[in-house]
Every structure is written in C-alpha cells, then in structure tokens.
Amino acid sequence: MPTAEKRAVLDEIAENLKKSNAVYIANYSGMSVDEANQLRGAFRKGNVFYKVYKNKLMKLAMEEVGGYDDIIPTLTQQNGFAFVEEELSAPAKVLKDFIKDNKKPEFRAAIVDGEFFGEDKLDALAAMKSKNEIIGDVLGLLMAPINNVVGALNAQGSNIVGAVKTIAEKGDN
C-alpha cells in the first residue's frame, strides 16, 4: 500500500493520464541538469506538460486508469513524461527538434488517442498535422466548390449582362 505522499503523486499521475489524449515517454539518462531544464523549457513553449515521475508510480497509475498495457514495458531507466490534451503531435515536434540539436533524450514510446507508437515512430508523430491545420484543410476543401460556383456565376452573370447590353445597343441602332 502506497504511503500518503505516494498516493498523492499516484492520484496526480492518474489525473494527468485521464485528461490527456496523448502521453509521450522520453529517456533522459545521461542528460545534464542544464539540458534537462532546456528540455522542460522547450516543452513549456510548445504548451506541453512535461514531468518526471518514478516508473513504478507511473506503472501503477497506468494500470489503475487502464488502456496503457502496450506502453508499460517501456518504463525502464530514467523517463520523463509529456502529457497533451489538444495538439497531439506537439510533444513529438518538441522532442524531434531537441534531439536534433542535443542528441538526447531518447524517445521511448507514446500512446496517442489510445494507439501505441514505438521508438521508431517519432518522425511520423512529428509529421502529424495539428487539429487546427486539419480543420483548415477541411474548410479549404469545403470552400473550394463554393468558390468555383460563385466564380462561375459571377462570370456567367457578367457574360449575360454583357450580352443583354450588346443586344439592347443593336436594338437601338
């Protein structure tokens, strides 16, 4: 049975898991304190909640919440956890940029909308479009036919008006 302090941390983790639509795990072994602080700052700028928890407490919380069976085996070594509600690819983009410059941390795995992504999927996760980008694409697709119809009607209207004017002018002569 966890102590009261551990129970509070376990409850915090469970709450973060419940409200997040994606959880990313990064192994920060071998990073200096300065690098770890820079990583925290990069996540903060990306509007991603990042925190280091003990693997055992994370495992207990994941088992308690459910749906994390595939990711539990990756809970080895020193891990940091990125939680995100909306922009599901944001942690991947932050990690990819940070790793490009610093060679660390090591991306371990992620659960995004209930789907497991292993350590070889960071590039694919980072390439995912954000919710706003997808909405913009859909609106663009929906607006294209309307714009074409309006353009055609305007063109037809100007042709009809022009034809009527021409006929009226010929009739006056």
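Trainee: Where is the place of isoleucine 135?

Mentor: Isoleucine 135 sits in helix H6, residues 131–172. Helices (H or I, at least four residues) and strands (E, at least two) are DSSP runs, numbered from the N terminus. One caution on the source: this is a predicted model, where local features need pLDDT of at least 70, side-chain atom pairs count only at pLDDT 80 or more, and totals for chains, interfaces and linings use all residues. Residues are numbered from 1 along each chain as its sequence is written, and side-chain values use heavy atoms, with hydrogens and water left out.

Trainee: How many helices and strands are in the protein chain?

Mentor: Six helices and five strands. Along the sequence the pattern reads α-β-α-β-α-β-α-β-β-α-α.

Trainee: Is isoleucine 135 buried, partly exposed or exposed?

Mentor: Start with the cut-offs. Buried means under 20% relative accessible area, exposed over 50%, and partly exposed in between (1.4 Å probe, protein chains only). Isoleucine 135 has 40% relative accessibility, so it counts as partly exposed. In the protein chain, buried residues make up 32% of the 173 residues.

Trainee: Which residues form a nonpolar patch with isoleucine 135 on the surface?

Mentor: Learn the rule first. Patches are made of residues with over 30% relative accessible area and no salt bridge; like charges are joined within 9 Å, and nonpolar side chains (Val, Leu, Ile, Met, Phe, Trp, Tyr) within 5 Å. Here Ile135 is joined by Val138, Leu139 and Leu142, and together they have about 350 Å² of accessible area. Such areas come from the Shrake-Rupley method with a 1.4 Å probe; for residues, only the protein chains shown count as cover.

Trainee: Now salt bridges. What meets the side chain of glutamate 64?

Mentor: The general idea is that side chains of opposite charge can pair when their charged atoms come close. A salt bridge is a side-chain nitrogen of Lys or Arg within 4 Å of a carboxyl oxygen of Asp or Glu. Glutamate 64 meets arginine 7 at 3.0 Å, N to O. Glutamate 64 lies in helix H3 (residues 55–65) and arginine 7 in helix H1 (residues 4–19), so the pair ties together parts 57 residues apart in sequence.

Trainee: How far apart in the helix are glutamate 63 and lysine 59?

Mentor: They are four residues apart in helix H3, so about one helical turn separates them. Their side chains also meet in a salt bridge, at 3.6 Å, N to O.

Trainee: What is valine 112 in contact with?

Mentor: Contact means heavy atoms within 4.5 Å. Leave aside neighbours within four places in sequence, and valine 112 touches Asn21, Ala22, Tyr24, Leu88, Phe117, Leu125 and Met128. Valine 112 is in strand S4 and is buried, at 6% relative accessible area. Tyrosine 24 is 88 residues away in sequence, yet the two are 8.2 Å apart in space, C-alpha to C-alpha.

Trainee: Last, the backbone. Which peptide bond is cis?

Mentor: Most residues other than glycine have a negative phi, and most peptide bonds are trans. The bond from lysine 104 to proline 105 is cis, with omega near 0°. Proline 105 lies in the loop between helix H4 (90–102) and strand S4 (106–112). Lysine 103, in the loop between H4 and S4, has a positive phi of about 70° although it is not a glycine. Lysine 103 is exposed, with a relative accessible area of 66%.
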